[in-house]
Amino acid sequence: MARIEVRDIELEKCHSFASLTDAMYNSGGFTAKKLGQAVQILEEMVKAGSTIFLSFPADIISTGLRGVIRDLVKRKIVSAIVTTCGTIDHDLARSYRKYYHGDFLMDDAELRKKGVNRLGNILIPDASYGKIIEKKMMPFLMRLYREGKKRIAPYELLDELGSIIKSEESILHWAHRNAIPVFVPGITDGSVGSQLWSFWESHRDFTIDVLKEEHAISDIVFTAKSTGALMIGGGISKHHTIWWNQFRGGLDYVVYLTTAVEYDGSLSGAPVREAISWGKVKARARHVTVEGDATITLPVIVASLFERLQH
């Protein structure tokens, strides 16, 4: 094993995000080095021309981290998104209404009396969530229905939705403009999903074709010369990404950001190396699991990546 010297971080020499993450890598420990590795692996997968999957849960889209995700889509860094229905809820709602700062220790009973929902330390008034989603979704679904689009895959539906969102702060807006598919395997698990169900109650010939969505993902996987993934958090988004990539022999590059622990056997806590045993990540893949809150780690990683790609 080659000996690599541990180097002190000299902040006066760190004049950019890229120089800071390089210094963190050279420091040798502990999660700082992993964060530096994450930037290196992402740069490699981009420059290798890999098909890059971006997976994440919905909660971060209620925060300003939405802007970081949006910029990855806007700059065409990623090839496909795998996420949850709540992402669509928050992206759509925030395109028309505002969310607000709160606190983890607020009185939840009092918030309910005021018609305010708490997501961690983010406050979401009823008018900024379910009400605006229903107001936008029902006319949109009726338009699709009248146009004869009565059988549609989730990714097709979300592309159509992105076409009517004019806000350039929206992830769906940029996904539509850049032809980046957004896959939501749990499409009914959220407010948008409830609108789909409600519409179906009175239009029984309207069908969400989830198997067509799976076919679209398989086409991406089987035609890719190499695949990489930036996975934030776990759950169905992470699993769907690694699940499909096992059919091509596994991912070639992986960066995984998580706060979950490994010892309870959860998928969210499972480090990337566990996926190697399933054939979902190649044994020779470049990979790293970065422990830490993505609202802290992701902006630093992506800012550094953008700087490195400019050189």
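**A buried helix, a small sheet and a pocket**

In this predicted model, helix H3 (residues 66–74) is largely enclosed by the rest of the structure, because seven of its nine residues are buried. The buried set is made up of Arg66, Gly67, Val68, Ile69, Arg70, Leu72 and Val73. Two arginines, Arg66 and Arg70, are thus on the buried list along with the likes of Val68 and Ile69. The cover over these residues comes from several parts of the chain, and it includes strand E1 (51–55), strand E2 (80–82) and helix H4 (85–94). Helix H8 (171–177), strand E9 (227–232) and helix H13 also belong to that cover. Just past the end of H3, Lys76 takes a positive phi of about 60 degrees.

Helix H1 (residues 17–26) also has a buried set, namely Ala18, Thr21, Ala23 and Met24. An α-helix has 3.6 residues a turn, so residues three or four places apart point the same way. Among the elements that cover the buried residues of H1 are H2 and H13. H13 therefore turns up twice, since what covers the buried residues of H3 includes H13 and so does what covers those of H1, each helix having buried residues by the under 20% cut-off. Right after H1 comes Gly28, with a positive phi of about 85 degrees.

Next, the sheet. Three strands form an open sheet in the order E3-E5-E4, with antiparallel pairing. E3 and E4 are the edge strands, each pairing on one side only. Strand E3 (residues 100–101) is joined to E5 over two bridges, and here His101 has Ile122 of E5 as its bridge partner. On the other edge, strand E4 (residues 116–119) pairs with E5 over four bridges. Leu119 is bridged to Ile122 of E5, while Val116 is bridged to Pro125. Ile122 is thus a bridge partner of His101 and of Leu119. The hairpin of E4 and E5 has two residues between the strands, and Gly120 in this hairpin takes a positive phi near 65 degrees. As for the side chains of strand E5 (residues 122–125), Ile122 and Ile124 point one way and Leu123 and Pro125 the other, and all are buried.

Two serines are worth a look. Ser50 sits in the loop between helix H2 (31–47) and E1, and is buried with a relative accessible area of 8%. Its side chain makes a polar contact with the side chain of Ser226, at 2.5 Å. Leaving aside residues up to four places away in sequence, Ser50 touches Met45, Ser79, Ser226, Thr227, Gly228 and Tyr253. Ser226 thus appears both as a polar partner of Ser50 and on its contact list.

Ser237 lies in helix H11 (residues 235–245). With a relative accessible area of 1%, Ser237 counts as buried. Again not counting residues up to four places away in sequence, Ser237 touches Ser55, Phe56, Val82, Thr83 and Thr84. As for Val39, 198 residues separate it from Ser237 in sequence, and the two are 21 Å apart in space, C-alpha to C-alpha.

Finally, the pocket. Rolling a probe the size of a water molecule over the atoms shows where empty space is left. The largest pocket has a volume of about 380 Å³. The elements giving two or more residues to its lining are strand E10 (251–258) and helix H13 (294–309). The lining has 19 residues, and Asp59, Ile60, Asp293, Ala294 and Thr295 lie nearest the centre of the pocket. By residue type, the lining splits into eight nonpolar, nine polar and two charged. H13 thus lends residues to the pocket lining as well as being part of the cover over the buried residues of H3 and H1.

Methods
Residues numbered from 1 in each chain as written. Predicted model: local features only at pLDDT ≥ 70, side-chain atom pairs only at ≥ 80, totals over all residues. Heavy atoms only, no water. 1 Å grid on protein atoms, 1.4 Å probe; cavity = no way out; pocket = protein on both sides within 12 Å on 5 of 7 lines; lining within 4 Å. Points joined across faces, edges and corners; volume = space filled by probe spheres on them. Nonpolar A, V, L, I, M, F, W, Y, C, P; charged D, E, K, R; others polar. Buried < 20%, exposed > 50% of the residue type's maximum accessible area, 1.4 Å probe, protein only. Contact = heavy atoms within 4.5 Å. Pairing = 2+ DSSP bridges. Polar contact = N/O pair within 3.5 Å; in protein donor to acceptor, adjacent residues only side chain to side chain.
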